Amino acid sequence: MTLKTNLLKRIIFIILGLISFGLGIIGIIIPGLPTTPLILLSAYLFSKSSPKLHQWLLNNKYFGKYIKDYQANPSIPLKIKVLALISMWIMVLYSSIELITFIPAKIITIVLGIIGTWYVGFHIPTRK
């Protein structure tokens, strides 16, 4: 790989990592947008592109502990998984019933909730 190609790859990974991180932060507020997978994706992208950003994320007081825990054991405890799914669906249903009036936006919110449920429930292993 040439120096130019390597630099371009690093820049693209940094940009994608920042976008993923930003979406993960927004996901704290917006139901259906999965925070945890986006923050973990950011950690992966930063690990491949920017040691400084990767260390910043690992040392972050809100996310660092969870990222390190997931990297050491890529699974989620059952209690946390259940809590995540329940809280996600409370927000999805509340938003769909009370907050969102535009029908296509309601459908998108519910579809994103289903995708999030599939990802957390079936894609990420459950820790015993």
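**Overall fold and helix packing**

Along the sequence, the elements of the protein are arranged in the order α-α-α-α-β-α-α-β. The model is predicted. In total, six helices and two strands are present. The C-alpha trace extends over about 50 × 40 × 25 Å along its principal axes. Of the 128 residues in the protein, 31% are buried. The accessible surface amounts to about 8,800 Å², and carbon and sulfur atoms account for 74% of this surface. Among contacts with a separation of 6 or more, 59% join residues that lie 24 or more positions apart.

Two helix pairs that share helix H4 were examined. Two packed helices are described by the angle between their axes and by the distance between the axes. Helix H2 (residues 35–49) packs on helix H4 (residues 64–72) at an angle of about 75°, and the two axes lie 11 Å apart. H2 is therefore roughly perpendicular to H4, since angles of 65 to 115 degrees count as roughly perpendicular. On the H2 side the contact involves Ile-39, Leu-40 and Ala-43, and these meet Ile-67, Tyr-70 and Gln-71 on the H4 side. Sorted by class, the residues in the contact of H2 with H4 are five nonpolar and one polar, with no charged residues.

The second pair consists of helix H3 (residues 51–58) and H4, whose axes cross at roughly 105° and come within 7 Å. H3 and H4 are therefore also described as roughly perpendicular to each other. H3 contributes His-54, Leu-57 and Leu-58 to this contact, while H4 contributes Gly-64, Ile-67, Lys-68 and Gln-71. By class, the contact of H3 with H4 contains three nonpolar, three polar and one charged residues. Ile-67 and Gln-71 of H4 thus appear in the contact with H2 and in the contact with H3.

Several of these residues belong to the nonpolar interior. The largest nonpolar core comprises nine residues, namely Phe-21, Ile-39, Leu-40, Ala-43, Phe-46, Leu-57, Leu-58, Phe-63 and Ile-67. H2 and H3 are the elements that supply two or more residues to this core. The greatest contribution comes from H2, with four residues. Ile-67, a member of this core, is on the H4 side of the contact with H2.

Phe-21 is another member of the core. When residues up to four places away in sequence are not counted, Phe-21 touches Ile-39, Ser-42, Trp-56, Leu-57 and Phe-63. Of these neighbours, Ile-39, Leu-57 and Phe-63 are listed in the core together with Phe-21.

How values were computed:
Residues are numbered from 1 along each chain as its sequence is written. This is a predicted model: local features need pLDDT of at least 70, side-chain atom pairs count only at pLDDT 80 or more; totals for chains, interfaces and linings use all residues. Side-chain values use heavy atoms; hydrogens and water are left out. Buried means under 20% relative accessible area, exposed over 50%, partly exposed in between (1.4 Å probe, protein chains only). Contact means heavy atoms within 4.5 Å. Accessible areas come from the Shrake-Rupley method with a 1.4 Å probe; for residues, only the protein chains shown count as cover. Axes are lines fitted to C-alpha atoms, for helices over the stretch in contact, and angles run from 0 to 180 degrees between N-to-C directions. Angles under 35 degrees count as roughly parallel, over 145 as roughly antiparallel, 65 to 115 as roughly perpendicular and the rest as oblique. Ala, Val, Leu, Ile, Met, Phe, Trp, Tyr, Cys and Pro count as nonpolar, Asp, Glu, Lys and Arg as charged, and the others, Gly among them, as polar. A nonpolar core is a set of buried Ala, Val, Leu, Ile, Met, Phe, Trp, Tyr and Cys residues joined through side-chain atoms within 4.5 Å.
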